[in-house]
Each structure stands twice: as C-alpha cells, then as structure tokens.
Protein chains: 2
Amino acid sequence: MRFCPQCGHAVNMIIPENDNRVRAVCPNCEHIDYDNPRLITGTIPMYQGKLLLCRRNIEPRFGYWTLPAGFMENQETTSEGALRETLEESGSHAICRQAFSMISIPHINQIHLFYLADLQKDDFHATSESSEVALFELSDIPWDELAFSSVTKTLEFFIEDHKTGNYGFHEDTLIIDSVSE
Amino acid sequence: MRFCPQCGHAVNMIIPENDNRVRAVCPNCEHIDYDNPRLITGTIPMYQGKLLLCRRNIEPRFGYWTLPAGFMENQETTSEGALRETLEESGSHAICRQAFSMISIPHINQIHLFYLADLQKDDFHATSESSEVALFELSDIPWDELAFSSVTKTLEFFIEDHKTGNYGFHEDTLIIDSVSE
Ligand SMILES: [Zn+2]
Ligand SMILES: [Zn+2]
C-alpha cells in the first residue's frame, strides 16, 4: 500500500501510537490501514464413497488437481464460503458435515479451512476455473498431481480418519516456502 | 475505499470481468481491491480449574468481561495469534491445547476462533487493554457482564463439554445485529 484508500494521500509505513507493528498510516487524514491474514475455505466433497477433485484451469498450479476452495467473502459464514466455492469450481451443490482441517500458512498470510461435505447428486461439471471435475476412488487419489500442500495434508488426514470412520478436527502449520502457493 | 492504494487515483465500485461481486477497481492502474473477512483469535485460559477473564479497558464494551482475543496478524499461525493476544491483554503466558470454537459473524465480516489453553503460572496482570484480569470459578462466570455474544456462546460450549471432560470442536453462526460487536 502506497496511498491512503480514504483520501488518496501518500502513506507512511510507521508504527502507530499504542501499537507494535508497522502499518500504513496517512499523515493527511490519520487513517490506519490494517492488513490481516485471509481465510481460504473449501470442501472435501464425497459422493457414494468417491472423492471429487477439480483440475485447475487457472494459475497458480494450472493443470494440477485440487479440492474446491477459495477466498472467503464478506457477509458469509465459513461453511457458506466453502459451499459457494464448491459450486463455482465444480458446478456441484454440496452439504457441509463438519469442519475438518485448519492449516495456517503464515508466510503467505493465509489460513486454509476444509469441510467434510456430501454431494447431493452427481451434478458436477467443468467450469471456468476447472478444466475437469471428476470423482476418484480413495485408492486412486493423484497424490503426485495435487496442486497445494494444504490439499495434500488435508487428504492425508482424511484418509487416516476414513480408516476408522472417526473424523476429527485437524490443525497444522505449513512452513514451506513455495512459489506455487 | 475511495482511492487506489497503489496509485492514489479515485476508484470505481464495479464488478470486475470474470467476477460476480462489486470491488474497488482502479481505472488508472487496474488494481482490484479485495476486502475479506477477518479472523479474531483468542483463548479460554484455565489455571488450576479456574477461568481467566479480562475486564475491557477499551471500547467497544468498555468495562465488560471477555476472553482474551483480537485480530490475527500477518506472519503468524492461528494459535500464535491466540497466545499473543492472551499475553497482550492479560500479561499471561499460555499454552494452546486445541481449537475449540469457531463462530462466524457474517454481518460484521468476522470469524472468532477460540483455543482451549492452560496458563503455566498465575503471572497475569492488568494491561493497557484490560483494567482488571482475574480467575473465576466456573460457577462464578459473570454471564450478565460478558462483552460479546461469541464469548458467551464459547463459554456455554465450554461449560457443557466440561461436564463430561470430552472437549469437541464447535461451530456456530451469530446473526445478531448489535452495535456492540
Ligand atoms: Zn488519508
Ligand atoms: Zn491505481
């Protein structure tokens, strides 16, 4: 940020009074801009024992497979965001069961949150964001072609819990330094 | 947002191409500004069977009791944010056990996330943000003087799980319309 979003004046990068972090502070109107981590919400969509994955039609990680997920928007809940992204990326109407994984990725200021979800029918299809949408047997997950480490980690947790049928809530931190994420 | 943070030009509030929401778009440099929900992280800090609460020394809800919590910052994990806020508001060094509650508050674009946490010793004290910091027996929680609905809801979940000793992960949505939050 170089200019004040409220008045257009050039900002100073300084630590405001009663704060301990550098913020963009406007010397003209005194606006302080706070930049905070963003939440990515998505689903692990299941249909008749199979897992839905989307092949990315956009950068980053064009051509790789992913769980449907994206930036949460204002005025929605975490599960609403997850279902909206599932619809946008796979054309499918899902229902959330429970939050399943929450993965902090501090070097890119993101938190990735995935829900266990069930498709109501096999109404998925390719979209502008996904060149291909397909159901996979859990034994056929394309591990070497997954788009993001948070997806790999979430599916590892899922496979482990699937063995017992006891699905917990899993937290993790990714400290990888990858240009792809 | 009225001016472009990248170049200072006045922005237009329009739906960008390939999008479906109104964003602040700069006609000069083409910057698109995305405004997303913010995550508030905090703890349910326990010490020898008692609960730590902070009496707010700042608005909103000045004078009311709350769990230590605040906006998550860049470059930290959710639990690091929760522990930092606990230290800043109560002077106390806690350890996170597990994520316990996640409450979406869509009308203010916030998600409140609370961790079960243990104080390592009784090193808490008043701070610039808390006029008073105190341990409460669970039977003495000041329910009528709690600052925020997300705190009340989280403590209700906590008291319920405390009866059995089985602590789950709880999700909820607050759709109240309160000026205080
Ligand atoms: Zn300004
Ligand atoms: Zn611009």
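**A friendly note on the predicted two-chain model**

1. Arg84(B) is a good place to start: with a relative accessible area of 14%, this residue is buried. Bear in mind throughout that the model is predicted. The side chain of Arg84(B) forms a salt bridge with that of Glu88(B), at 3.3 Å from N to O. Both residues belong to helix α1 (residues 78–90) of chain B, where they sit four residues apart, about one turn of the helix. Glu88(B), for its part, is partly exposed, with a relative accessible area of 25%.

2. What network does this pair belong to? Salt bridges with shared partners join Asp19(A), Arg21(A), Arg23(A), Glu73(B), Glu76(B), Arg84(B), Glu85(B) and Glu88(B) into one network. If you want the wider picture, the whole structure holds 26 salt bridges over all chains. As a general reminder, side chains of opposite charge can pair when their charged atoms come close.

3. Another salt bridge in chain B pairs the side chains of Arg55(B) and Glu132(B), with an N to O distance of 3.0 Å. Arg55(B) is part of strand β5 (residues 50–56) of chain B and Glu132(B) is part of strand β10 (residues 130–136) of chain B, so this contact ties together parts that are 77 residues apart in sequence. Arg55(B) is partly exposed at 23% relative accessible area, and Glu132(B) is likewise partly exposed at 35%.

4. Over in chain A, have a look at Lys153(A) and Glu156(A), whose side chains meet in a salt bridge of 3.9 Å, N to O. The two are separated by about one helical turn because they are three residues apart in helix α2 (residues 149–164) of chain A. Lys153(A) has a relative accessibility of 24% and counts as partly exposed; Glu156(A) is also partly exposed, at 39%.

5. Now for the metal: which residues hold the zinc ion (ligand 1)? The protein donors are the SG atoms of Cys4(A), Cys7(A), Cys26(A) and Cys29(A), lying 2.3 Å from the ion. The arrangement is tetrahedral because the four donor atoms subtend angles of 100 to 120° around the zinc ion. Along the chain, the donors follow the spacing C-x2-C-x18-C-x2-C. Distant parts of the chain are linked here: Cys7(A) comes from the segment before β1 (12–14) of chain A, while Cys26(A), 19 residues away, comes from the loop between β2 (23–25) and β3 (32–33) of chain A.

6. Are Cys7(A) and Cys26(A) buried or partly exposed? Cys7(A) is partly exposed, with a relative accessible area of 24%. Cys26(A) counts as buried, at 2% relative accessibility.

7. On the symmetry, a turn of 180° with a shift of 0.0 Å along the axis lays chain A on chain B with an RMSD of 0.0 Å. That is the relation of a two-fold axis. In chain A, Gly8(A) has the C-alpha nearest the axis, at 2.3 Å. The copies meet through the same surface, because 100% of the interface residues of chain A are also interface residues in chain B.

8. A last point concerns the annotation. The unreviewed UniProt entry carries "domain: Nudix hydrolase" for residues 36–159 of chain A. Over that stretch, residues 36–159, the chain is 19% helix and 41% strand, and the end C-alpha atoms lie 32 Å apart.

How values were computed
Residues numbered from 1 in each chain as written. Chains lettered and ligands numbered in written order. Predicted model: local features only at pLDDT ≥ 70, side-chain atom pairs only at ≥ 80, totals over all residues. Heavy atoms only, no water. Donors = N, O, S within 2.8 Å, 3.2 Å for Na, K, Ca; no water. Tetrahedral: all angles 85-135°; square planar, octahedral: opposite > 155°, others 65-115°. Buried < 20%, exposed > 50% of the residue type's maximum accessible area, 1.4 Å probe, protein only. Least-squares fit on C-alpha atoms with pLDDT ≥ 70 in both. Contact = heavy atoms within 4.5 Å. UniProt positions renumbered as here; feature names shortened; annotations may be inferred. Salt bridge = Lys/Arg side-chain N within 4 Å of Asp/Glu carboxyl O.
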